[in-house]
Amino acid sequence: MSHAELRGQSGGAPAKASGLEGVVVADTRLSHVDGERGELIIAGSPAEELALAEGARFEQLAARLLALGTGEPVPNLGERLAAARGAAFARIASLRGALALPDAMDSLLASTAQGNAGADAISTLGALPVYVAAAARLRSGQPLIASNAGLGHAQDFLSMLGLPAHTARARALDAYWITVSDHGLNASTFTARVVASTGADVMPCVVAALGALKGPLHGGAPGPVLDMLDATLQVEPRVWLEAEIAAGRRIMGMGHRIYRVRDPRAFVFERALARLEHDDAHGSAVAARLAHARRVEQAAEALLSERHPDRPLRANVEFYTALLLEALGIPRDAFSAVFAIGRAAGWLAHVAEQRRTGKLIRPASRYVGALPQ
Ligand code: COA
């Protein structure tokens with residue numbers, strides 16, 4: 001384009017304002033999000049069916065996603081992930097510096113970069129819960145607990161954290177990880193695909209995706225959601241929420257780029273919580289927290305609809321993530337990292353799919369800077 005053409009170019013909203021909304025950059029068989037109907041399909045099935053099926057395990061869905069991504073069956077994923085967790089625990093001593101970083105996402109990023117250079121998808125997927133649990137134990141000054149190959153992914157993770165890991169709790173975590181395993185071309189998945197499209201190997205794709213997930217607009221909201229639930233125990237929710245908006249802050253756990261109705265994943269987590277309420281010794285505490293969360297959600301929804309009558313802003317995945325992970329006893333500062341363990345199944349499947357079917361992702365920018373005179 002000549003300088004004269006560059007000077008004269010016009011048309012369309014400034015690119016920076018669009019956030020690529022609605023731009024299709026990949027064909028995928030992995031998941032589909034219908035924001036108008038509030039529907040999430042993962043590997044061909046509705047997310048709630050997958051997550052709430054009797055005995056549903058994260059490993060089963062991860063195998064389906066990876067098979068779709070690679071175009072080949074992925075047998076014995078449960079055993080292979082257990083072996084990968086054992087191998088990751090065996091190298092923990094060499095990762096102490098990375099694991100000891102004070103921020104849980106920084107620590108997961110650094111330990112994955114250091115511990116999984118050159119590793120394949122399954123070794124990397126298996127290593128993540130080991131790093132997250134070890135870092136959480138180090139942060140709270142407790143001794144590390146070794147991975148147990150006889151347990152499933154969810155149960156072993158709870159056990160490595162030193163938390164009660166009976167079946168009801170493990171199934172609730174499985175339901176959580178299944179539900180968040182993939183979600184169209186969200187920011188971290190897009191990031192993973194961009195890196196994969198350059199021909200890079202698995203580790204940098206996952207590390208880059210972890211970086212994208214760290215931000216509060218993507219995966220960093222559930223911790224602040226709990227802070228909000230705590231704060232609104234002392235102050236009327238509406239009053240507290242109005243003060244947040246007046247201070248120029250967003251209400252965490254509300255609003256979504258795609259959904260115009262309530263995020264269907266919030267419903268799955270409510271159901272998983274209701275099961276825990278029934279099956280767990282701490283059930284009554286879960287019920288009270290859930291009732292309070294519903295009050296805050298209603299107040300937030302009412303306030304946001306008054307302020308944005310044309311843009312429905314409803315509870316998103318992070319709102320009830322916060323409650324579910326809290327009910328399992330997972331430390332608040334590890335919530336985003338725990339989300340990453342589940343979402344990594346989707347990232348790795350997208351990386352494989354991108355390599356197999358895509359080409360270098362290299363969009364364009366519009367130059368609005370100075371030109372030589
Ligand atoms: N609280 C208050 N206002 C909100 C809001 C929220 N949670 N979410 C959106 N808005 C407002 C914005 O301020 C903006 O108002 P304006 O037009 O007057 O400037 C309008 O709604 C549109 O927001 P925009 O940022 O353009 O929408 P988006 O599609 O880019 O945003 C999110 C999607 C998720 C980033 C946004 O809803 C948000 O920040 N939510 C809180 C963080 C969160 O829960 N993240 C987890 C996502 S799963």
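## Contacts with the ligand

A backbone N or O atom of Gly253 sits 2.8 Å from an oxygen atom of the ligand, which falls within the limit for a polar contact (a pair of N or O atoms within 3.5 Å). In this predicted model, local features need pLDDT of at least 70, side-chain atom pairs count only at pLDDT 80 or more, and totals for chains, interfaces and linings use all residues. Residues are numbered from 1 along each chain as its sequence is written, and side-chain values use heavy atoms, with hydrogens and water left out.

Met254 offers a polar backbone atom 2.8 Å from a nitrogen atom of the ligand. Arg257 joins in through its side chain, where an N or O atom is 2.9 Å from a ligand oxygen atom. The protein buries 72% of the 850 Å² that the ligand exposes when taken alone (accessible areas by the Shrake-Rupley method with a 1.4 Å probe).

## Around the ligand

Which residues are closest to the ligand? They are Arg250, Ile251, Gly253, Met254 and Arg311, among 20 that surround the ligand (a heavy atom within 4 Å).

## A salt bridge

The whole structure holds 22 salt bridges (a side-chain nitrogen of Lys or Arg within 4 Å of a carboxyl oxygen of Asp or Glu). One of them pairs the side chains of Asp333 and Arg139, at 3.1 Å from N to O.

Technical notes
Polar contact = N/O pair within 3.5 Å; in protein donor to acceptor, adjacent residues only side chain to side chain.
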